[in-house]
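Hello,

Here is the structure I promised to pass on, with some notes to go with it. Have a look at it first, and then read on.

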Amino acid sequence: MPRLLTGNRLETGDVIWWTGSGWSLHLKDAVAVDADGEALLARFAPEERINDLALIDVDAAPDGWRPRTTRERVRAVGPSVRPDFALPSLPVEAI
């Protein structure tokens, strides 16, 4: 099962996803980190600008990744009760 590395940007609280070379606000930009997941957690754990690092389980979907848990799906796209607060499609933003 694929796993993704995710966390939160400390300054803004934004959910961010590891892209293999940086961080993105968009789940669709994330890359699976199966074999490297634990090493990446250790690498970014001391990073002062990223908190709540986690490896999450996902399924491959036709349009990208689908987190297995409701919590992670909400983190990926925004609140389920207020679609107007959902994350708009923005270009990749690096930390």
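Helices and strands below are DSSP runs (H or I over at least four residues for a helix, E over at least two for a strand), numbered from the N terminus. With that in place, the chain has 2 helices and 5 strands, and from the N terminus on they follow the order β-β-β-α-β-β-α.

A word on where the values come from. This is a predicted model, in which local features need pLDDT of at least 70 and side-chain atom pairs count only at pLDDT 80 or more, while totals for chains, interfaces and linings use all residues. Residues are numbered from 1 along each chain as its sequence is written, and side-chain values use heavy atoms, with hydrogens and water left out.

First, the chain as a whole. Of its 95 residues, 34% count as buried (under 20% relative accessible area; exposed is over 50% and partly exposed lies in between, with a 1.4 Å probe and protein chains only). Contacts are heavy atoms within 4.5 Å; among those with a separation of 6 or more, 57% join residues 24 or more positions apart.

Next, strand 1 (3–9). Most of strand 1 is covered, with 6 of its 7 residues buried. Strand 1 pairs with two others (a pair needs at least two bridges in DSSP):

- With strand 4, the pairing is antiparallel over 6 bridges, and Asn8 has Asn51 as its bridge partner there.
- With strand 2, the pairing is again antiparallel, over 3 bridges; here Gly7 is matched with Ile16.

Strands 1 and 2 also form a hairpin with 5 residues between them, and Gly13 in the turn has a positive phi of about 85 degrees.

Then there is helix 2, which spans residues 70–77 and has Glu72, Arg75 and Ala76 as its buried residues. These residues lie on the same side of helix 2, because they cover an arc of only 100 degrees around the axis (taken from the directions from the helix axis to the C-beta atoms). What do the buried residues of helix 2 pack against? Their partners are strand 1, strand 2 (15–18), strand 4 (50–61) and strand 5 (64–67). On the face turned away from this buried side, helix 2 carries the exposed residues Thr70 and Val77. Just after helix 2 comes Gly78, with a positive phi of about 115 degrees.

Happy to talk it through whenever suits you.

Best wishes
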